[in-house]
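Please have the sequence and the three-dimensional view open side by side, since the paragraphs that follow move from the ligand and its surroundings to the arrangement of the domains.

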Amino acid sequence: MEFATFADRAAAIEAEPADLETVARVATLLEDAADGDGGRTVAVVARYVQGRVFPAWTSRTLDIGPSACYEAIARAAGTNVSPDDVEDRLAEVGEIGDVAASYDFGGQRGLSAFAGGDDSANGGGGLTVPEVDEALYELAAAEGSGSQDRKVDLLFGLFNRCSSDEARYLARLVLSEMRIGVGEGTVRNAIGEAFDVPVERVERALQVSNDYGEVARVAREDGREGLDAMTLEVGRPVQAMLAQAGTVTGALEDWDEAGVEWKYDGARVQLHYDPGGVAIDGADATVAADDAGEIRVFSRNMEDVTDALPEVVEFADEHLAEPAILDGEVVAVDDDGEPLPFQEVLKRFRRKHDVAKAREDVAVRPVFFDCLHADGEDLLEEPLTTRHERLEAVLREDSEREPDEVEGLSLLWRTDDPDEIERIDADALEAGHEGLMLKDPDSTYSPGRRGKHWRKRKPDVETLDCVVTGAEWGEGRRATFLGTFELSVRDGDGEKRRSAGSAVEPRNLETVGKVATGITDEKLAELTELLEPHVASEDGTRVELEPAVVFEVGYEEIQTSPTYSSGYALRFPRFVGVRSDKDPADADTVERLERLRG
Ligand code: AMP
């Protein structure tokens, strides 16, 4: 296909505001791009039409800035045009495509031989889509000293053969500003329409390959069967499955049992391991050559971060034996292996220089919670529980080992018991992690989706300031600590409510719940010291406290309840902190509970 034809079609698509018509136009473009070249042109067109030069999964970029592009345009436009003139015109016109289209590049055509172009001069420059693709790959590959000049030369060679419409879309493509209104969904639907394959099969193939070009090529060459045969490739990243905010209550309503995991406060990583060397799909041979290696680590956005995270590479080397793609989180840790805040991971994540030094300052440790591929088998369509079993098997070097002894494994509990979930939450917080992830145990892995199957426990929207009116002595190693704190709010108008089961006289304070979770041993010791002087009476392990201390408490929901004297109960109350700046007289009121409940 001539690049001029692509440019014509792009102009027509840009002028077409209706989505359906756009899909039809893109579909026709894809059909017409089928040149009997094994689908190469159709692959390139499927990428270009959405402004992509390379597949989404590769870290390859053109690595060319706007000023190099202005320079190439200026040179192609003639000796009397400077890069500054191009920039001035851009300031006037506002868009690089229009600027490029405003010059007449023909005058310099005789010079294109110098830049390796074909000066066939058949009215236009005779540029074809594969020729543009080849030049852009060459441009991306230029590295080292003199590479910026080489890039400008190559781009000049292309602009020099462009008509005004071609120049418009070439400039936009190079600067990632295609903007003709063609998004991923449009291309997906157009591939389905052009090659008569069901859109959901196209979608699946896109999920495993992350390459619209390759999917268009396979759809054209081998139809639905070809698409269904596309698999994950170790070494080619997949989009990460994402989470929505959610509550324990919601999870237990929606699923028979909730999958419960600790939520680690780090950065997402996808580990690709192949002891035989990473095999990359042959469709893009240039990429295979320089991306090869047996361990690759990718970020949530599919960037290659292998070099920045040697600990993850070492982990794979030490613990893995079969080809696998694992999904997890890297967490920064201190010298004792205790987790550090998220900001510390960021110092390491994209670091290119002095990695060894950075590693001395902050070490990282991977924890894996999912397995997308193991030993030649794709697992995306398996339920979470099966994937997690495979993960355990992949990571477990010794079959005698209990799951909690397997290094790098994030544990998955299945339960419908809210109290157990609270215990897991407390343990996660105590171990220095962020809280909980709730997952549907039967759900498949949906790359790139922020669906309802994974939920991060919603941070508290509002907190309440409650007076601590009671407590219980703990058991076992917590026997010397006060815990399970009874919480009360003020009854603003002094109205006495039912004091069902509460040992505390109303004194204008009404109970609203108990908080036991989210408190570390260290904190419990501090709270015991703070509260002990206010013990009014004791009955077995139960302690009644004079109102003196105010806790800030988070919760999921406020429910009506016969259990507490306020008539309300906090669902899943969590300790946030002590409000040492507040007296009981400043605590929240029953009226506020009523208002918050709505
Ligand atoms: P957020 O970044 O707040 O949207 O929360 C979702 C992120 O939490 C994921 O993208 C992961 O990077 C991270 N995360 C931590 N622990 C887990 C876990 N056990 N399962 C899934 N994601 C987790």
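A polar contact is here a pair of N or O atoms within 3.5 Å. With that cut-off in mind, and remembering that this is a predicted model, one can begin at the ligand, where an oxygen atom is 2.9 Å from an N or O atom in the side chain of Arg268. Another such pair joins an oxygen atom of the ligand to a polar side-chain atom of Glu329, at 2.5 Å, while a nitrogen atom of the ligand has a polar side-chain atom of Lys439 at 2.8 Å. Of the 490 Å² that the ligand exposes when taken alone, the protein buries 86%.

The shell around the ligand consists of 13 residues, the closest being Glu261, Arg268, Glu329, Lys439 and Lys456. By class, eight of the shell residues are charged and five are nonpolar, with no polar residue present. Strand E2 (258-263), strand E9 (435-439) and strand E10 (450-457) each contribute at least two residues to this shell.

On a wider view, the protein is divided into domain 1 (52-174), domain 2 (242-456) and domain 3 (463-597). The centres of domain 2 and domain 3, taken over C-alpha atoms, are separated by 38 Å, and the contact draws nine residues from domain 2 and twelve residues from domain 3. Between them these two domains bury about 860 Å², of which 55% lies on carbon and sulfur atoms. On the side of domain 2, Thr249, Glu422 and Glu430 supply 56% of the area buried against domain 3, more than any other three residues.

Key: Residues are numbered from 1 along each chain as its sequence is written. This is a predicted model: local features need pLDDT of at least 70, side-chain atom pairs count only at pLDDT 80 or more; totals for chains, interfaces and linings use all residues. Side-chain values use heavy atoms; hydrogens and water are left out. A residue is near a molecule or strand if one of its heavy atoms lies within 4 Å of it. A polar contact is a pair of N or O atoms within 3.5 Å; within protein, one must be able to donate a hydrogen and the other to accept it, and residues adjacent in sequence count only if both atoms are side-chain atoms. Accessible areas come from the Shrake-Rupley method with a 1.4 Å probe; for residues, only the protein chains shown count as cover. Helices (H or I, at least four residues) and strands (E, at least two) are DSSP runs, numbered from the N terminus. Ala, Val, Leu, Ile, Met, Phe, Trp, Tyr, Cys and Pro count as nonpolar, Asp, Glu, Lys and Arg as charged, and the others, Gly among them, as polar. Domain bounds come from an automatic or database domain assignment. Contact means heavy atoms within 4.5 Å. Buried area is the accessible area (1.4 Å probe) that two parts lose on being put together, summed over both.
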